[in-house]
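Colleague: Please take a close look at one part of this chain, the C-terminal part, and describe how it is put together.

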Amino acid sequence: MLAAGLRGLPGRAALLGRGAPSLIPARGRKTRFDPPAKSKADRIKVPPPVDPAELLVVINRYRQYKRVVDALRFEMKEEIRFKSYDLRHGETAKLMKKARDEEHQHLMALNDAENKRLLERRLERLRQEELLEKARKLQSDQNRVSFQEEFLKKREMEVLQLQEESQNFITLENLDQRIEECLNKTQNYNFAVDKEGRIVKRTAIS
């Protein structure tokens, strides 16, 4: 509809733009089953003409190129085979094996030296730990002995204090005497104390 409307207007290409796609669908390709065009019905396919002298030169040059490339390829294969055999069974293999053995011996020597150094450090650490453990046990024994002595001294003091206090205990023998002492002794509890517990004011007994 749009193409039909624009077909009759002047400057249709200017309106559509230079790069705008055509609104008319493009014709598709022929299939392989379509008959040839009438203008090409009698056409016979003939290969392009070749100059015999030029063809002979090209063939000779190609053969020469082929021989050179084959020789280079064969030489490279032989060199690769020789290197591979030399690496596996030749003098290079012996030198590589000798180098590997020397490197292995050197690494084993380094490993033994490192193991020896670590062993010495471990033994020294064990000796230090043993000394620390002995010192700790000795200190623990001393603390236990001192604690026991202090405990015994405290119990002895308690026993002595109880013995002293037992002299003031009320028994059946001194019951009458203590009652009489309490009756004869007057105690005034009418007093005031400060924050430190000292008596600051006392009222006389009336």
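Modeller: What follows goes from the chain as a whole to its C-terminal part.

The model is predicted. Its mean pLDDT is 83, and 86% of the residues reach 70 or more. Residues 1-17 have a pLDDT below 50, and this stretch makes seven contacts in the model beyond near neighbours in sequence.

The chain contains five helices and two strands, and from the N terminus on the order of elements is α-α-α-α-α-β-β. Of the 206 residues, 3% are buried. Among contacts with a separation of 6 or more, 0% come from residues 24 or more positions apart. The chain exposes about 20700 Å², and carbon and sulfur atoms supply 58% of that area.

The part in question can be entered at the loop between helix H4 (91-166) and helix H5 (175-184), where Asn 174 is placed. Asn 174 has a relative accessible area of 16% and therefore counts as buried, the cut-off being under 20%. A polar atom of the Asn 174 side chain lies 2.6 Å from the backbone nitrogen of Thr 171.

In helix H5, Arg 178 and Glu 181 are three residues apart, which means a separation of about one helical turn. These two residues form a salt bridge, with their closest N and O atoms 3.7 Å apart. Arg 178, at 25% relative accessibility, is partly exposed, and Glu 181, at 40%, is partly exposed as well.

Next come the strands. E1 (residues 191-193) and E2 (residues 199-202) pair in the antiparallel sense over three bridges. One of the residues involved is Phe 191, whose bridge partner in E2 is Arg 202. The two strands form a hairpin with five residues between them, and Gly 197 in the turn has a positive phi of about 90 degrees.

The hairpin region also carries charged pairs. Arg 198 forms a salt bridge with Glu 196, the closest N and O atoms lying 3.7 Å apart. Salt bridges with shared partners link Asp 194, Glu 196 and Arg 198 into one network. Arg 198 is exposed, at 53% relative accessible area, and Glu 196 is exposed at 59%. The structure as a whole holds 14 salt bridges.

For comparison, another helical pair lies in H3 (residues 52-89), where Glu 78 and Arg 81 are three residues apart, about one turn of the helix. Their side chains meet in a salt bridge at 3.2 Å, N to O. Glu 78 is partly exposed, with a relative accessible area of 36%.

Definitions and conventions. Residues are numbered from 1 along each chain as its sequence is written. This is a predicted model: local features need pLDDT of at least 70, side-chain atom pairs count only at pLDDT 80 or more; totals for chains, interfaces and linings use all residues. Side-chain values use heavy atoms; hydrogens and water are left out. Two strands pair if DSSP finds at least two bridges between them. Helices (H or I, at least four residues) and strands (E, at least two) are DSSP runs, numbered from the N terminus. Buried means under 20% relative accessible area, exposed over 50%, partly exposed in between (1.4 Å probe, protein chains only). A polar contact is a pair of N or O atoms within 3.5 Å; within protein, one must be able to donate a hydrogen and the other to accept it, and residues adjacent in sequence count only if both atoms are side-chain atoms. pLDDT is the predictor's confidence in each residue, from 0 to 100. Contact means heavy atoms within 4.5 Å. Accessible areas come from the Shrake-Rupley method with a 1.4 Å probe; for residues, only the protein chains shown count as cover. A salt bridge is a side-chain nitrogen of Lys or Arg within 4 Å of a carboxyl oxygen of Asp or Glu.
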